[in-house]
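Colleague: I should be grateful for a close look at the sheet in this model and at the side chains associated with it. Please take the strands, the aromatic residues and the loops in turn.

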Amino acid sequence: MDLIAELEAEQIASLGKKIPDFKAGDTVRVGYKVTEGTRTRVQNYEGVCISRKHGEGIAGSFTVRKISFGEGVERVFPLYSTNIEEITVVRRGKIRRAKLYYLRSRRGKSARIAEQTNYRAPKPKSDGKKPVQGSAT
C-alpha cells in the first residue's frame, strides 16, 4: 500500500463512520444535520443514488436525486462529511450503468428502477486464518 492510501485509511479510521455498501441505483436515506439559528436537527433526504465518485476514499462523494413537488432535486453529499448523521439503504436497484444521469430527462414510470430481489450482503472479510476442523465423533 502506498503512503497516500495509508494516510487516507488512517483518516477514515479516525472518523469512525460506518458507511453502508451502496451503489448507483439504490434508494438511500441520508440523515443530514441542518443548523437553523442556534438549534441543530437531522433532516432526512431520501432518493435514488445516481452516481458515486472517487470510490471509497476520503474524497468520495455521491449524488442523490429525488422528486419534490413535481420538480427533480439533486444533492451531492461528501461520503465522510461530519454533517452526515447516517446513511441507510432503503432498497437495492437493479441497474446496468455506473452513472444514472439519463434519469434527469425521464418522468413518471419511465424513471423507475427495478428492485433487486435476490441481493445477498457481502461476507465480512476474514483475518486470513483457516478455521480449525475438529472431529465430531
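Modeller: The account below begins with the strand order and then turns to individual residues.

The model is a predicted one, and the values given here are computed from it. Its sheet is open and consists of five strands in the order β4-β3-β2-β1-β5, paired in the antiparallel sense. The edge positions belong to β4 (71-78) and β5 (84-91); each has a single partner strand, so one side of each is left without a neighbour in the sheet. From one strand to the next, the twist averages 40 degrees.

The pairing can be followed from β1. Strand β1, residues 27-36, runs antiparallel to strand β2, residues 39-53, and ten bridges connect the two. Within this pairing, T27 has V48 of β2 as its bridge partner, and V28 has G47 of β2. The connection between β1 and β2 is a hairpin with two residues between the strands. In that turn, G37 adopts a positive phi of about 70 degrees.

Strand β1 also pairs with β5, again antiparallel, over six bridges. There, G31 stands opposite E86 of β5. Strand β2, for its part, is joined to strand β3 (residues 61-68) by five bridges, and these two strands run antiparallel as well. One position in this pairing is C49, which stands opposite V64 in β3.

As background to the side chains, those of a regular strand alternate between the two faces of the sheet. The aromatic residues deserve particular attention here. Four aromatic pairs are found in a search of the whole structure. One of the pairs consists of Y32 and F77: the ring centres are 5.5 Å apart and the planes meet at 55 degrees, so the pair is classed as tilted. This pair links distant parts of the chain, with Y32 in strand β1 and F77 in strand β4, 45 residues apart. Y32 and F77 are both buried. Ring pairs further join F22, Y32, Y45, F62 and F77 into a cluster.

An arginine is also associated with two rings of this cluster. R75 lies over the face of Y32, at 4.5 Å from the ring centre. R75 likewise lies over the face of Y45, where the distance to the ring centre is 5.8 Å.

A second arginine, R52, is placed in strand β2. Its relative accessibility is 15%, and R52 therefore counts as buried, the cut-off being under 20%. The side chain of R52 reaches the backbone oxygen of F22 at 2.6 Å. When neighbours within four places in sequence are left aside, R52 is in contact with F22, K23, S61, F62, L79 and K99. Two of these contact residues, F22 and F62, are also members of the aromatic cluster.

The loops between the strands contain two further residues of note for their backbone angles. H54 is found in the loop between β2 and β3. Although H54 is not a glycine, it has a positive phi of about 65 degrees. With 61% relative accessibility, H54 counts as exposed. F69, in turn, is found in the loop between β3 and β4. The phi of F69 is near 55 degrees, again a positive value in a residue other than glycine. At 87% relative accessibility, F69 counts as exposed, whereas the aromatic residues Y32 and F77 are buried.

Technical notes
Residues are numbered from 1 along each chain as its sequence is written. This is a predicted model: local features need pLDDT of at least 70, side-chain atom pairs count only at pLDDT 80 or more; totals for chains, interfaces and linings use all residues. Side-chain values use heavy atoms; hydrogens and water are left out. Two strands pair if DSSP finds at least two bridges between them. Helices (H or I, at least four residues) and strands (E, at least two) are DSSP runs, numbered from the N terminus. Axes are lines fitted to C-alpha atoms, for helices over the stretch in contact, and angles run from 0 to 180 degrees between N-to-C directions. Rings of Phe, Tyr and Trp (its six-membered ring) pair if their centres lie within 6.5 Å; planes under 30 degrees apart count as stacked, over 60 as edge-to-face and the rest as tilted. Buried means under 20% relative accessible area, exposed over 50%, partly exposed in between (1.4 Å probe, protein chains only). A charge sits over a ring if NZ of Lys or CZ of Arg is within 6 Å of the ring centre and within 35 degrees of the ring normal. A polar contact is a pair of N or O atoms within 3.5 Å; within protein, one must be able to donate a hydrogen and the other to accept it, and residues adjacent in sequence count only if both atoms are side-chain atoms. Contact means heavy atoms within 4.5 Å.
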